[in-house]
Amino acid sequence: MDQFLITGSSRIAGEVTISGAKNAALPLLAAMILAETPTTLHNVPSLQDVRTLIKLIGGLGIAIQKQDDTVTCDTKNIDNFYAPYDLVKTMRASILVLGPLLARFGEAEVSLPGGCAIGSRPVDQHLKAFEAMGAEITVENGYVKAKAPKGGKLIGCHFSFDMITVGGTENVIMAATLAKGTTILGNCALEPEVVDLANMLVAMGAKISGIGTATMTIEGVERLHGCEYSVVPDRIETGSYLAGALMTRGDVLTKRTTALLLSPVLEKFEAMGAIITTGDDWIRAQMKGRPLPVDIRTQPHPGFPTDMQAQVMAISCLADGTSTFIENIFENRYMHVPELNRLGASIQVDGHTAVVKGVECFTAAPVMATDLRASMSLVMAAAAAEGESLIDRIYHIDRGYEDVENKLRALGVNIQRINSND
């Protein structure tokens, strides 16, 4: 496994261009399956999850290819509706092909993500909605087998999600676009990536109202056509690089992004003492002194995003005072805490609550990345630390941050990738 060797005491400053959002690109790629004519998608990031989904879609017999940041897809040839475990196991978003396959072709067989039990992930919400639309769902040997009702078309329905689920909302919206009749979905996720998907579906000929609200109405159409569309900027990548400025008294300008996607995070950055300035397609964070403490409570959008919790916690480790974090979205979202403590932080966890007592500085140590966002918090902490830190299991960061070491170097971080084959 590759590692990062980071020599700390950096001041993170400079300009960085933000890539397309991974969490938007994946459902948009899945949505291409719905179109009867070719589709072109721009601003697609070069990430492992994107490559995996393109391989999965190609495995259906669909012509799909990526060149630079553009993906083209033509679905006129498709020879199976099967998404195998060896691809799906690496990425939960693979389940997003289920809705488009079921809606357009009337059948699908998709491995459960990561081989997980349905109850432990909100995949059950996807399946409940499909059943409400008349689909016959069976789960055998870790695979979801889905068939549309007689006639091959899903049927519009009224369905309200038991919990807010981004993937569930996306999957069901896609399925409903080609259903017979009207589908009204309640308790929908409001994330910008869901809005991006709905906007692309409309560009493909779908009839959707209530986009960006908790209740969406989808009037089924006979067919969808291809379109040309561009992936929304990655708000979490944007926030992660801006966080580096707050941790190192730096000055970071993020380009090809928008503040509208990041309001709750930027408000917290200002509360921590940063000077935030914005334009139509850029955000700048400048920091002079130690951060001020803050209280963070993660919530579904438009609340504070769980995907920024680890990065802001790393900032608060250096704050002049005590911060409190309450994680409401995911269990086990504090796995970065012992690693930050290894770097000299002072964090106590009790259930969903973490109390962070600010320290003067981080000190270098070997640490291990535990998940995608936690890995970025460790990279930024190591950049601020005194001495050399070795970060293990960085394959997590490669899943969500495009060209990460070159972008960090351009911001003044002394970072080196150590290849496991060296």
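**Exercise 1. Describe how strands β20 and β21 are joined, and state what marks the turn between them.**

Solution. Begin with the connection: β20 and β21 form a hairpin with two residues between them, and in the turn Gly351 has a positive phi of about 65 degrees. Strands here are DSSP runs of E with at least two residues, helices are runs of H or I with at least four residues, and both are numbered from the N terminus. Next take the pairing, for which DSSP must find at least two bridges between two strands. Strand β20 (residues 346-350) runs antiparallel to strand β21 (residues 353-357), and five bridges join them. As a point to locate in the structure, Ile347 stands opposite Val356 in β21.

The model is a predicted one, in which local features need pLDDT of at least 70 and side-chain atom pairs count only at pLDDT 80 or more, while totals for chains, interfaces and linings use all residues. Residues are numbered from 1 along each chain as its sequence is written, and side-chain values use heavy atoms, with hydrogens and water left out.

**Exercise 2. Work out the strand order of the open four-stranded sheet, and explain why β6 and β8 are left without a neighbour on one side.**

Solution. The order of the open sheet is β6-β7-β9-β8, and its pairing is mixed. β6 (82-83) and β8 (136-140) stand at the edges with a single partner strand each, and therefore one side of each has no neighbour in the sheet. For the pairing at one edge, look at β6 and strand β7 (residues 107-111), which pair in the parallel sense over two bridges. There, Tyr82 stands opposite Glu109 in β7.

**Exercise 3. Determine which residues of helix α5 are buried and which elements they pack against, then place Gln125 in that picture.**

Solution. Apply the cut-offs before anything else: buried means under 20% relative accessible area, exposed means over 50%, and partly exposed lies in between (1.4 Å probe, protein chains only). In helix α5 (residues 123-132), the buried residues are Val123, Gln125, His126, Leu127, Ala129 and Phe130. An α-helix has 3.6 residues a turn, so residues three or four places apart point the same way. The buried residues of α5 pack against α4 (98-105), β8, β9 (143-147), β10 (158-160) and α6 (166-176).

Now turn to one residue of this helix. Gln125 is found in α5 and is buried, with a relative accessible area of 1%. Leaving aside neighbours within four places in sequence, Gln125 is in contact (heavy atoms within 4.5 Å) with Phe159, Phe161, Asp162, Met163 and Thr165. By contrast, the C-alpha atoms of Gln125 and Ser230, 105 residues apart along the chain, are separated by 28 Å. Finally, α5 is followed by Gly134, whose phi is positive, near 95 degrees.

**Exercise 4. Decide whether Arg290 is buried, exposed or partly exposed, and list its contacts beyond its neighbours in sequence.**

Solution. Locate Arg290 in the loop between β17 (282-286) and β18 (295-297). Its relative accessible area is 23%, and Arg290 is therefore partly exposed. Once neighbours within four places in sequence are set aside, Arg290 is in contact with Arg249, Met272, Leu318, Ala319, Asp320, Gly358, Val359 and Glu360. The C-alpha atoms of Arg290 and Lys268, 22 residues apart along the chain, are separated by 14 Å.

**Exercise 5. Establish how much of helix α10 is buried.**

Solution. Helix α10 (residues 309-316) is mostly covered, since eight of its eight residues are buried. These are Gln309, Ala310, Gln311, Val312, Met313, Ala314, Ile315 and Ser316.

**Exercise 6. Compare the radius of gyration of the protein with that of a compact globule, and describe its overall make-up.**

Solution. The radius of gyration is taken over C-alpha atoms, and the globule rule is 2.2 Å times the number of residues to the power 0.38. With 422 residues, a compact globule would have a radius of gyration near 22 Å, and the protein has 22 Å, which agrees. Taken along the principal axes, the C-alpha atoms fill a box of roughly 65 × 45 × 45 Å. The protein has 14 helices and 24 strands, and buried residues make up 55% of its 422 residues. Among contacts between residues at least 6 apart in sequence, 72% join residues at least 24 apart.
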